[in-house]
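I open this notebook to record what I looked up in one structure. The entries follow in the order in which I made them.

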Amino acid sequence: MSEPYIRCALPDDDEELGVLDRATWSPLHAVTPRPQPPYGPFFDERHSPDDHLVAELDRRIVGYVRLAFPTSLACNTHVRQIQGLAVAEEARGRGVGRALIRAAVEEARRRGARRLTLRVLGHNTPARRLYESEGFVVEGVLPEEFLLDGEYVDDVFMGRGL
C-alpha cells in the first residue's frame with residue numbers, strides 16, 4: 001500500500017476536485033444541501049488553488065484540505081483555518097486524512113501562522129477523533145447550532161497551536 005502524495009492544488013485540478021467534493025458530500029459533515037447540477041467551479045473568488053492541498057494515490061486525486069484565513073481582519077492573520085477536508089470513499093482507511101491534516105499543519109506553519117483552527121459537526125465522531133489524535137482540542141461548542149435532517153447538531157470549534 002503506497003503512501004499518499006500531498007501537493008499544492010493546481011488550477012487544472014478544478015474539475016477533479018469538484019467531482020470529489022460532490023461524491024463525498026454527506027450529512028455527517030455538510031451543512032449545505034446536496035449539490036445539484038448545474039455545478040459551479042470548485043475554485044472561485046473565495047477559494048483559490050493556493051488555499052488547497054491535494055492528496056494523490058496512484059496519480060489520482062483522492063482527497064483535499066482547504067486552508068484559509070478565518071476572517072479578513074489584519075489582526076487575525078496569524079491564524080489559519082481548515083475549511084474543508086474530503087477523502088474519497090475508496091481511499092479511506094489508508095492514512096489520507098491524517099496526511100492531509102499533517103500537511104495542513106506544516107503549510108500553516110510555513111505561511112507564518114501561530115494557530116490552526118477548524119469547525120466540525122458534533123456528530124462527526126470519526127473526524128473529531130482524527131483531529132484530536134493530531135493535537136486539536138475542543139475550544140468551544142455551539143449547542144444545536146444546525147438543524148440537519150430534523151436533528152439539532154452541535155458545531156464544535158477546535159484548535160491547536162503551531
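**Entry 1: A charge over a ring**

I looked first at arginine 22, which lies over the face of tyrosine 39, at 3.8 Å from the ring centre. I note that the model is a predicted one.

**Entry 2: Aromatic pairs**

I searched the whole structure for aromatic pairs and found three. Phenylalanine 42 and tyrosine 64 form one that is edge-to-face, with 5.1 Å from centre to centre and 80° between the planes. This pair links distant parts of the chain, 22 residues apart: phenylalanine 42 is in the loop between α1 and β2 (52–57), and tyrosine 64 is in strand β3.

I then asked whether phenylalanine 42 is buried or exposed. Phenylalanine 42 has a relative accessible area of 7%, and buried means under 20%, so phenylalanine 42 counts as buried. Tyrosine 64 is buried too, with a relative accessible area of 4%.

For tyrosine 131 and phenylalanine 136, I recorded ring centres 5.9 Å apart and planes at 65°. Planes over 60 degrees apart count as edge-to-face, so this pair is edge-to-face. Tyrosine 131 counts as buried at 7% relative accessibility, and phenylalanine 136 is buried with a relative accessible area of 2%.

I also noted a cluster in which ring pairs link Phe42, Phe43 and Tyr64.

**Entry 3: The largest pocket**

I turned to the pockets. The largest pocket holds about 1,600 Å³ of space. It is lined by 50 residues, and the closest to its centre are His29, Tyr64, Gln83, Gly84 and Leu85.

Which element supplies the largest share of this lining? I found that it is β4, with seven residues. Elements that each supply at least two residues include α1 (14–23), β3 (60–68) and α3 (125–133). By kind, the lining of the largest pocket divides into 25 nonpolar, 15 polar and ten charged residues.

**Entry 4: The second largest pocket**

The second largest pocket has about 160 Å³ of space. Its lining includes Glu16, Trp25, Arg60 and Glu90. Two elements, α1 and β3, give two or more residues to this lining, and α1 gives the most, with four. I counted six nonpolar residues, one polar and five charged in the lining of the second largest pocket.

**Entry 5: Helix α2**

Last, I examined helix α2, residues 96–110. Its 15 residues reach 21 Å from the first C-alpha to the last, close to the 21 Å expected. Among the buried residues of α2 are Val96, Leu100, Ala104 and Glu107. Just after α2, glycine 112 takes a positive phi of about 90°.

Technical notes. Residues numbered from 1 in each chain as written. Predicted model: local features only at pLDDT ≥ 70, side-chain atom pairs only at ≥ 80, totals over all residues. Heavy atoms only, no water. Expected span 1.5 Å × (residues − 1). Buried < 20%, exposed > 50% of the residue type's maximum accessible area, 1.4 Å probe, protein only. 1 Å grid on protein atoms, 1.4 Å probe; cavity = no way out; pocket = protein on both sides within 12 Å on 5 of 7 lines; lining within 4 Å. Points joined across faces, edges and corners; volume = space filled by probe spheres on them. Nonpolar A, V, L, I, M, F, W, Y, C, P; charged D, E, K, R; others polar. Phe/Tyr/Trp six-rings, centres within 6.5 Å; stacked < 30°, edge-to-face > 60°. Lys NZ or Arg CZ within 6 Å of the ring centre and 35° of its normal.
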